[in-house]
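The following account leads the reader through selected local features of one chain. It begins with a pair of packed helices and then turns to strands and individual residues.

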Amino acid sequence: MKLYVDLGKDSYPIYIENGILSRAGAYIQEVFSGKRIMIISDDNVYPKYGHQLTGQLSEQFECHHLVLPHGEETKSFQTLPYVYAALLEAKISRSDLIIALGGGVIGDLAGFAAASYLRGVKLIQIPTSLLAQVDSSVGGKVAVDLPQGKNLVGAFFQPKLVLIDPLVLHTLDRRFINDGMGEVIKYGCIKDAGLFHTLESHGSFDELKDELPAIICRCVDIKREVVEHDQFDTGERMLLNFGHTLGHTIEQYYHYERESHGEAVAIGMYQITRLAEKQALTAVNTSGRILNLLKTYGLPFECGLPLHDLTDAVRVDKKNLNNRLNLILLHDIGTSCIHPASIEFFNQYGSEMV
C-alpha cells in the first residue's frame, strides 16, 4: 500500500507492507543519494532490526548508528547533546541522512535532532511500534519533553519517506500493542465510525491481525488528509489531539513512569467524553461505547486521581492559548469538533475521580 502526503516541496511517500523492512534499502535509495547515514534507535529495537537495515545500506552508504536507552525518559532535552555529539563525530552534514528506527520516542527525538542539527538534515522514519506506525511517524511533528510538560520543545519537520512494516509488531510486548490501540481507537472516534465499528466487531487484537495492514493504512490515511489540510496544527489538525489534553497531564503527573502514552490517551478520551456528556456536548452513551472498546483492547479508562490534581498541568499544556483551551470533543462516534473552553470546563468537576 502506498500513500502520498501532498505538502508541495515537503511532500513524501508512505509505504505500508508486510516485510518491507527487509527491502528498505531499495526504497531509501530512491529518496537519498548522499554519502552518510546515521541510524538512531534504542536498545530494544536496534538488536532486532538495526543490523538488518545497516547490512542493506552499508554497501552504498557510509553507515553509523546511535543506540539510546528505551523509554520516555530518553525523549528529554538533556539527551540532545549526546545526539548532536554523535552526529558531529560521524561528520553528518546537511547533505546526509538521519533514519529514526524505533517507536514514538525515537521518532520524535531523532526527528527533532534532524530538524535542529545544522538547521535541518534529511530524515526518514521507520516506525517499529503500533503507536508510531499509525500516528507519530507521519505528519512532521517532532519534539522533546521538558520537566514541566510533554513535547514542549519541538518543530514541524517532514520526513522524506516513511516505511511501515506491520510484521515487526509481532515482536512487541502486549502492553505496547495495547498502547498503540489507544491511538487506533482515537482515529475511529474522531473521523471514522466504520473503523470504530470494525474494532467493536472483534474481541481482541489477535482477531485483528489479518486486517492490521488495512487498519494501519486507514489510520495513516486519516492523518495524511488532516495534515494536508492543516500542516501546522492551527485548525483541523487539532482534532488529532482527542484525549491528549488529559492524557499528557496524566503522563506528566506520574513522571512518565506509570501510564504509557497510548494508555494515558485512552483514559483522556473516555474521561473527557464522560464530562462532555454531562454538559450535553456529546451524544448520550458515546463514553460507554469508548469504555467498552478500551476494555476489549486491554486499555485503562481511569487513573485514580481527583480531577483538580491534574488541572495545574493542563494550564501549561501547549494547547492552552491565551488562557483558552481548544478541547477536542465528540458530537458522536466518528464526528469530532474543536471546542473552545476555559479551565473551568475541568474545575467544575474538580473533586471527581478520573
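**A helix pair, a hairpin and three residues**

In helix α6, the residues M181, V184, I185, Y187, G188, C189 and K191 make contact with A193, L195, F196 and L199 of helix α7. Sorted by class, this contact of α6 with α7 comprises 9 nonpolar residues, 1 polar residue and 1 charged residue. The model in which these contacts occur is a predicted one.

The geometry of the pair can be described through the helix axes. Helix α6 spans residues 174-191 and helix α7 spans residues 193-200; their axes come within 6 Å and cross at roughly 135°. Because of this crossing angle, α6 is oblique to α7; an angle has to be over 145 degrees to count as roughly antiparallel.

The strands at the start of the numbering offer another kind of pairing. Strand β1, residues 2-5, and strand β2, residues 12-16, run antiparallel and are joined by 4 bridges. Within this pairing, L3 is found opposite I14 of β2. The two strands β1 and β2 form a hairpin, with 6 residues between them. In the turn of that hairpin, G8 has a positive phi of about 65°.

The side chains of β1 alternate along the strand. L3 and V5 point to one face and are buried, whereas K2 and Y4 point to the other face and are not buried. L3 thus appears twice in this description: it is buried, and it stands opposite I14.

Positive phi values also occur at residues other than glycine. K91, which is not a glycine, has a positive phi of about 60°. This residue, K91, belongs to the loop between α3 (80-89) and β5 (97-102). K91 counts as exposed, because its relative accessibility is 56% and the cut-off for exposed is over 50%.

D233 is likewise a residue other than glycine with a positive phi, here near 65°. The loop that holds D233 runs between α9 (212-229) and α10 (244-253). Since its relative accessibility is 17%, D233 counts as buried, the limit for that class being under 20%.

The remaining residue to consider is Q29, which lies in helix α1, residues 24-31. With a relative accessibility of 36%, Q29 counts as partly exposed. Leaving aside residues up to four places away in sequence, Q29 touches Q60 and F61. Q29 and L240 are 211 residues apart along the chain, and their C-alpha atoms are separated by 32 Å.

Notes
Residues are numbered from 1 along each chain as its sequence is written. This is a predicted model: local features need pLDDT of at least 70, side-chain atom pairs count only at pLDDT 80 or more; totals for chains, interfaces and linings use all residues. Side-chain values use heavy atoms; hydrogens and water are left out. Axes are lines fitted to C-alpha atoms, for helices over the stretch in contact, and angles run from 0 to 180 degrees between N-to-C directions. Angles under 35 degrees count as roughly parallel, over 145 as roughly antiparallel, 65 to 115 as roughly perpendicular and the rest as oblique. Contact means heavy atoms within 4.5 Å. Ala, Val, Leu, Ile, Met, Phe, Trp, Tyr, Cys and Pro count as nonpolar, Asp, Glu, Lys and Arg as charged, and the others, Gly among them, as polar. Buried means under 20% relative accessible area, exposed over 50%, partly exposed in between (1.4 Å probe, protein chains only). Two strands pair if DSSP finds at least two bridges between them.
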